[in-house]
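Here are a few exercises to work through with the model open beside you. Try each one before reading its solution.

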Number of protein chains: 4
Amino acid sequence: MCRHAAWLGAERSLASLIDEPEHGLLKQSYAPRRQRHGMVNADGYGMGWYVPGRPEPVRYRRSVPIWTDANLPGLAAVARSTCLLAAVRSATVGMPVEESATAPFTDRTWLLSHNGRVARDAVADLCDAAESTCDAAWVAGAVFQRGRAGAGLGESLAEVVVQAGEKDPAARLNLLASDGTTLAATVWGDTLFHHRFHDGVLVASEPLDDLPGWQAVPERSLLTVTRDDVRVQPL
Amino acid sequence: MCRHAAWLGAERSLASLIDEPEHGLLKQSYAPRRQRHGMVNADGYGMGWYVPGRPEPVRYRRSVPIWTDANLPGLAAVARSTCLLAAVRSATVGMPVEESATAPFTDRTWLLSHNGRVARDAVADLCDAAESTCDAAWVAGAVFQRGRAGAGLGESLAEVVVQAGEKDPAARLNLLASDGTTLAATVWGDTLFHHRFHDGVLVASEPLDDLPGWQAVPERSLLTVTRDDVRVQPL
Amino acid sequence: MCRHAAWLGAERSLASLIDEPEHGLLKQSYAPRRQRHGMVNADGYGMGWYVPGRPEPVRYRRSVPIWTDANLPGLAAVARSTCLLAAVRSATVGMPVEESATAPFTDRTWLLSHNGRVARDAVADLCDAAESTCDAAWVAGAVFQRGRAGAGLGESLAEVVVQAGEKDPAARLNLLASDGTTLAATVWGDTLFHHRFHDGVLVASEPLDDLPGWQAVPERSLLTVTRDDVRVQPL
Amino acid sequence: MCRHAAWLGAERSLASLIDEPEHGLLKQSYAPRRQRHGMVNADGYGMGWYVPGRPEPVRYRRSVPIWTDANLPGLAAVARSTCLLAAVRSATVGMPVEESATAPFTDRTWLLSHNGRVARDAVADLCDAAESTCDAAWVAGAVFQRGRAGAGLGESLAEVVVQAGEKDPAARLNLLASDGTTLAATVWGDTLFHHRFHDGVLVASEPLDDLPGWQAVPERSLLTVTRDDVRVQPL
């Protein structure tokens with residue numbers, strides 16, 4: 001059920017998440033190595049990045065397999081940023097396959113991807129309005145609603161995951177979000193890894209390559225990444 | 001804002017609504033003659049038809065202009081039924097262009113198309129759940145909800161149109177629906193015509209050709225067509 | 001590189017090739033069991049069927065994964081014929097993913113699917129014009145050209161496969177074709193199976209289920225199926 | 001049959017061709033003012049731009065109406081370059097609607113858009129290979145072939161237009177091309193305008209706004225724009 005990845009640090013291209021690493025999101029779309037649910041992530045993909053002078057991210061989504069989009073290689077090579085986020089989707093059975101149901105979702109300066117699934121009943125009370133009727137859009141709407149009310153990025157993620165997880169014990173709620181200067185991610189039912197470099201931090205559902213340095217983030221925790229700090233807290 | 005058409009009578013092909021008449025839905029998609037809002041209907045199209053032994057209609061939708069779908073001519077020629085409904089879409093600005101936002105919507109044996117627009121606030125209380133976040137899906141959801149609770153086709157349309165129209169005086173709510181044996185349609189802010197033949201009745205947003213026999217249905221009324229009867233009642 | 005299947009016999013629905021069998025083309029699109037090249041068949045799908053009174057087949061193609069097309073279940077359930085053909089596509093790297101590059105290709109009464117790949121140089125002289133620049137469209141064009149010149153279905157397939165195979169020894173050229181009353185298929189580099197029933201014959205790249213009766217067709221042979229006969233000849 | 005536009009000069013965003021001007025390509029897609037053939041340009045759109053340090057342009061194409069692509073506003077706002085080219089398509093009847101048939105076509109450093117139509121026989125001898133079977137792709141292939149053989153941008157356009165125009169007197173062959181430092185365009189059967197600013201030059205099928213300064217380029221001529229010069233020569 002989806003794979004996602006993000007970078008915070010020195011300027012990089014989106015290609016550094018997608019096609020440059022041996023097991024980047026392109027490869028993970030048809031041959032993920034750590035995916036516990038679903039076999040391929042061919043129900044769409046999306047990416048968001050931040051550009052100087054524009055607080056809102058640029059966001060690009062398609063509802064086709066990432067490997068079929070001939071526009072991608074050029075865009076991924078030239079779209080460079082200090083903060084990048086991308087995701088490939090495996091739709092929950094019965095959910096529509098269309099752009100409005102594809103991560104990343106966005107609201108003001110925030111971007112969000114959901115790797116997992118949750119019963120609609122468990123999020124219905126948490127969210128007034130969402131872009132799509134799919135579960136991930138409702139989760140995103142719930143997080144964005146807390147953000148507009150003044151909560152911080154990690155705080156909003158944590159609150160939504162814990163509340164939805166209580167109502168639906170079978171939920172898987174790995175979220176990955178950014179506001180352009182921070183990355184925040186939850187681990188709730190699926191894998192998550194991070195990798196520190198001298199000039200930044202990668203966060204991904206599963207390692208993008210076989211190089212040393214990838215660290216698994218423990219189940220039921222919140223990961224927060226800033227330019228100066230990587231913090232893991234229990235949820 | 002959309003054009004729709006339907007047939008109830010002797011078995012006909014979908015082509016009889018789409019490409020056989022000089023001003024069928026194919027032509028209306030790029031050159032409508034009576035459209036009051038919007039210029040082209042190129043944001044998708046859909047069609048539904050009933051097959052013996054299967055109470056639920058077959059439903060087909062695409063989010064591309066009807067003239068670009070190379071699959072259509074073959075399907076429209078061989079899909080034959082005593083009850084047909086089709087629509088071409090002009091999306092309200094800001095609404096997503098995707099299949100789940102495209103008419104006809106369907107639930108159990110019912111099919112529904114919405115030609116118009118309405119504020120979400122005006123339908124929010126009328127509908128518990130809808131397929132998409134677009135206004136037409138909410139209108140459809142409100143009608144289907146009344147049907148599942150036991151109301152008839154025309155009765156459900158009338159109730160939703162009158163209630164939504166009261167809350168949003170600027171709403172345009174021309175609906176066209178079927179249960180396989182009846183057609184029902186409302187006139188609320190846009191044009192509607194019907195045409196009786198010896199073997200059936202056509203209903204359409206605007207005449208499909210220049211032949212005599214098309215009759216305008218008056219504003220704020222409900223049209224109900226059965227095999228034996230065509231009735232117009234004020235709303 | 002693609003999976004295909006066909007039926008000739010008593011009237012059946014397209015669902016009998018796609019979603020009714022446990023390992024039909026729907027399952028084969030994401031979890032094929034005998035595929036030698038490629039991992040998933042998510043680059044589009046297509047189907048063709050013959051309708052009484054219409055010599056040309058009805059043909060339907062999409063360039064998205066078969067499991068994402070919400071239109072399919074309804075169409076596959078009601079499209080019934082004595083002669084059916086369907087295919088799911090894994091695009092050769094570098095080939096476009098679009099409808100005009102997706103099987104089945106069609107010309108007059110013939111339908112054709114290509115499971116494999118071939119160098120363009122090896123088919124360039126065999127074909128004056130094709131629908132798309134992809135290798136499969138050129139192979140189809142070469143077969144159709146022989147048909148228009150008077151050659152029979154199996155004869156046309158055999159000639160193209162042998163000639164292209166000589167020029168490109170690495171070519172894989174499993175073709176499956178029909179004219180509405182006959183199925184013809186070649187085995188040249190990939191698997192093919194057939195299964196006789198009392199009321200017809202199934203032909204498929206790999207068995208659609210685990211029931212007994214599937215027979216492998218030997219490498220480098222031509223299979224010809226009519227209502228009365230199943231014949232295998234060496235190529 | 002299509003509208004196109006390009007800019008050469010100080011760095012600008014793609015939005016300056018598409019949605020910022022009152023009659024930019026977005027408006028021209030559904031309400032062109034000078035189009036002689038076709039009514040809307042809703043069969044796809046594309047754009048190309050040059051990025052420092054990368055000789056090849058970045059190229060982006062979709063086969064849907066430009067107004068339905070929710071990815072466009074963000075991309076058009078942040079894609080900035082000294083050399084931009086964009087086009088909206090009205091497909092010739094019978095031509096496929098898909099990305100590989102959509103301008104701009106590209107080869108090495110060149111970008112090309114074709115506004116018009118031409119018989120395939122008239123270009124068949126001019127081109128060894130093209131990306132798609134549509135007429136515009138063949139025209140592009142013929143131009144690119146001359147470029148790879150050493151001919152200049154304007155020279156290649158002129159040769160192809162004159163040769164194809166001789167063979168098909170009904171051809172319309174308005175081409176617009178770039179190599180990143182020059183714009184070249186032909187006028188052969190449709191309108192073309194240019195507009196000089198202190199910091200660059202706009203070229204477009206029809207004026208992007210009602211401001212003074214747009215100059216019509218005469219029929220049967222070649223326009224060449226460099227940083228220092230705008231030249232019009234007869235063809």
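**Exercise 1: the cysteines of chain D**

Cys2(D) is buried, with a relative accessible area of 10% (buried means under 20%, exposed over 50%, partly exposed in between, with a 1.4 Å probe and protein chains only). Before going on, some housekeeping: this is a predicted model, where local features need pLDDT of at least 70, side-chain atom pairs count only at pLDDT 80 or more, and totals for chains, interfaces and linings use all residues. Residues are numbered from 1 along each chain as its sequence is written, chains are lettered from A and ligands numbered from 1 in the order in which they are written, and side-chain values use heavy atoms, leaving out hydrogens and water.

Task: work out why Cys2(D) has no bond to Cys134(D).

Solution.
- Step 1: look for the closest cysteine sulfur to that of Cys2(D); it sits in Cys134(D), 9.0 Å away.
- Step 2: hold that against the cut-off, since a disulfide is a pair of cysteine sulfur atoms within 2.5 Å. The 9.0 Å gap is too far for a bond.
- Step 3: try Cys83(D), which is in no disulfide either, as its nearest cysteine sulfur, in Cys2(D), is 20 Å away. Cys83(D) is buried too, at 1% relative accessible area.
- Step 4: count over all chains, and you get zero disulfides.

**Exercise 2: where A meets D**

Task: describe the interface of chain A and chain D.

Solution.
- Step 1: size it up. The two chains bury about 1,200 Å² between them, 58% of it on carbon and sulfur atoms (buried area is the accessible area, 1.4 Å probe, that two parts lose on being put together, summed over both).
- Step 2: find the main contributors. Asn71(A), Leu75(A) and Val78(A) lose the most area in chain A, together 36% of what that side buries.
- Step 3: count residues in contact (heavy atoms within 4.5 Å): 14 come from chain A and 14 from chain D.
- Step 4: check for salt bridges (a side-chain nitrogen of Lys or Arg within 4 Å of a carboxyl oxygen of Asp or Glu). The rule finds two; one of them pairs Arg62(D) with Glu99(A), with the closest N and O atoms 3.7 Å apart.

**Exercise 3: Val217(A)**

Task: is Val217(A) buried or exposed, and which residues is it in contact with?

Solution.
- Step 1: read the accessibility. At 6%, Val217(A) counts as buried.
- Step 2: skip neighbours within four places in sequence; Val217(A) then contacts Val187(A), Leu192(A), Phe193(A), His194(A), Leu223(A) and Val232(A).
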